[in-house]
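Student: I should like to learn how to read the features of a protein model in a sensible order. Could we begin with the whole and then turn to its details?

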Amino acid sequence: MPRTVVIGEFAHETNTFSKIPTTVELFRARQCLAGDELLSGLKDTNTEIAGFMDRAAVHGWRLVPTVSTTASPGGRVTRQAVRELGGMIVDGVRANADCDGVLLALHGAMVTEGSEDGESELLAQIREIVGPKTPIAVTLDLHANVTDRMTGLANILVSYRTYPHIDMRDRGADAADLLERAMAGEIRPRTVAARRPLLQGCNHGRTHDGPMIPLLEEARRFEHEPGVLAVSINAGFWHADIFEAGPTVTVTGDGDDPHYRQIAEILMDKVWERRDDNTLEFLTPEKAVSLAAESSGGTGPVVIADFADNPGGGGYGDATNLLRAMLEGGLENAAFGGIWDPEAAQVMTRAGEGAEITLDLGGRTEPAMGGGPVTLTGTVVKTTDGTFRYRGPMHGGVESCLGPSAVIRSGGVDVAVVSHNMQWLDLEMFFSNGIDPREKSVVAVKSMQHFRAAFGPIARQVLVADCGALCTPSGEGIEFNKVRRPVYPLNSLESCLKFIGDG
Ligand SMILES: [Zn+2]
């Protein structure tokens, strides 16, 4: 008899400081594939689900596909979204309550209107249905805020090891292989987590340089020890005012050997020691633009990251300070991808390609953070329905949609205006808007770090700008009330050291 495994994905990184709740509609607009569509839509893509499918074929499982749904990071996930979308997974498990295992792709930083720990609410319902003996395996984003409740409910936790995230399919396969061994009775996996009074760390998880490289290497070495099944370094997601926000190390081991906790604590000590390591230099928008204008030599564009307004961290995607600096800086042959402004996109689409128009763009959601509307005069050079397929190292193969979109050329800057707020991390997002970023002198992207995977190889130089929007690294304009205290860097190092008995 083939083993029956229920699979699903309900993934969200919740920025609790965002004023835009994450609704069913936002999940459906980004990705919501149910039943067999989940299998056909994600086969051979760089996703956890594809990794599950790869290994299911090898192990001969009967897969029960429930739903695979994600939304761009944003405010709390609504009760209705939890009921409807989480409910599809719970219903699938209930209809297969005697399944051999459950395999889920979650993010690990979901906050809902009803709970600080959305993943655990889902896992608790599933655990109640399948009972204590059926193994549950979960993949997590490297920015998971792992809670003790989560490790108590899932047997196996496997997090990404790359940021930009490019190893989703591989980690999905790892979790599936561990689940197979658990279902075969070969291992009895349990997971433990270690943390410190730490809200930010691990260089925010960046793996192109900095402390994550040796930390991950050491995690791999520990995985060679007897009984150690998976060791994950989670940078956490600090734009979440919840009790257990921050970095963790998780160790999934066979049985209850206290050595697994020791490993987690050894690695967490190293995370703690390197808490201040930060490999990025943040520029003002004006400085970034002047450096880009002066840049010479090499091939390809100067790529400027609009770090603080990253839709992939919950940014509203309509902050204008960087765009304004680019327009006022007189840049030539530049492109901006992209401003989230459905109203403006509609106006431009109605005007049509070739039309000369003047309009107010962006800055609508939180003008005090990142800049208010910019008045632009220019030519509409492209209108599109916004559909594209990711071709880059991240999400490669997945179909997606920016919503009705249009490009306005104002001065020397082509500005893409979109209806779905999404992080700009794939060249196809420009190509589908009629812009070839490789031919531009300067390209700005609403992204913190993920753009490096696709844009790094074409970039002459990468600059990182802080425009003061919701995800500003300065933390200015946001206030924490629920995170545990003391916690570094919100509280002094002395008080945190005293708390852990090291001061
Ligand atoms: Zn992440």
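Tutor: Let us start with burial: a residue is buried if 20 or more other C-beta atoms lie within 10 Å of its own, exposed if 12 or fewer, and partly exposed in between. The model before us is predicted. In this protein, 59% of the 503 residues are buried.

Student: What radius of gyration does the protein have, and what would a compact globule have?

Tutor: The protein has a radius of gyration of 23 Å; this agrees with a compact globule, because 503 residues in such a globule would give a value near 23 Å. The C-alpha trace spans about 70 × 55 × 40 Å along its principal axes. Among contacts between residues at least 6 apart in sequence, 76% join residues at least 24 apart. The secondary structure comprises 15 helices and 19 strands.

Student: Which domains does the domain assignment give?

Tutor: The assignment gives domain 1 (4-273) and domain 2 (285-465). Their centres, taken over C-alpha atoms, are separated by 31 Å.

Student: How is the size of an interface often given?

Tutor: It is often given as the accessible area lost when the parts come together. Here I describe the interface by contacts: 17 residues of domain 1 are in contact with 17 residues of domain 2. The side of domain 1 that touches domain 2 has 5 nonpolar, 10 polar and 2 charged residues.

Student: What is the strand order in the open sheet of 8 strands?

Tutor: A sheet is read from strand to paired strand, and two strands pair if at least two bridges are found between them. The order here is S12-S13-S16-S17-S11-S18-S10-S19, and the pairing is mixed. Strand S12 (356-361) and strand S19 (461-465) are the edge strands, each pairing on one side only. Neighbouring strands of this sheet are turned by 30° against each other on average, direction ignored.

Student: How many bridges join S12 to strand S13, and do they run parallel or antiparallel?

Tutor: S12 and strand S13 (residues 374-384) run antiparallel and are joined by 6 bridges. Within this pair, Thr-358 stands opposite Thr-377 in S13.

Student: Which helix lies across S13 and S19?

Tutor: Helix H11 (residues 321-328) does, and its other partners include strand S11 (334-340), to which H11 runs at about 150°. In the loop between H11 and S11 we find Asn-333, which has a positive phi of about 55° although it is not a glycine. Asn-333 counts as partly exposed because 13 other C-beta atoms lie within 10 Å.

Student: Where is Asp-44, which also has a positive phi?

Tutor: Asp-44 lies in the loop between helix H2 (36-42) and helix H3 (48-59). Its phi is about 60°, although it is not a glycine. With 11 C-beta neighbours inside 10 Å, Asp-44 is therefore exposed.

Student: Which peptide bond that ends at Gly-338 is cis?

Tutor: The bond from Gly-337 to Gly-338 is cis, with omega near -20°. Gly-338 is in strand S11. A cis bond is also found from Tyr-488 to Pro-489, with omega near 10°.

Student: Where is Pro-489 found, and with which residues is it in contact?

Tutor: Pro-489 is found in the loop between S19 and helix H15 (493-499). Leaving aside neighbours within four places in sequence, Pro-489 is in contact with Leu-199 and Gln-200. Pro-489 and Leu-198 are 291 residues apart in sequence, yet 7.1 Å apart in space, C-alpha to C-alpha. Pro-489 counts as partly exposed because it has 15 C-beta neighbours inside 10 Å.

Note on methods. Residues numbered from 1 in each chain as written. Predicted model: local features only at pLDDT ≥ 70, side-chain atom pairs only at ≥ 80, totals over all residues. Helix = DSSP H or I, 4+ residues; strand = E, 2+ residues; numbered from the N terminus. Axes fitted to C-alpha atoms, helices over the stretch in contact; angles between N-to-C directions. Contact = placed C-beta atoms within 7 Å. Rg over C-alpha atoms; globule rule 2.2 N^0.38 Å. Domains from an automatic or database assignment. Nonpolar A, V, L, I, M, F, W, Y, C, P; charged D, E, K, R; others polar.
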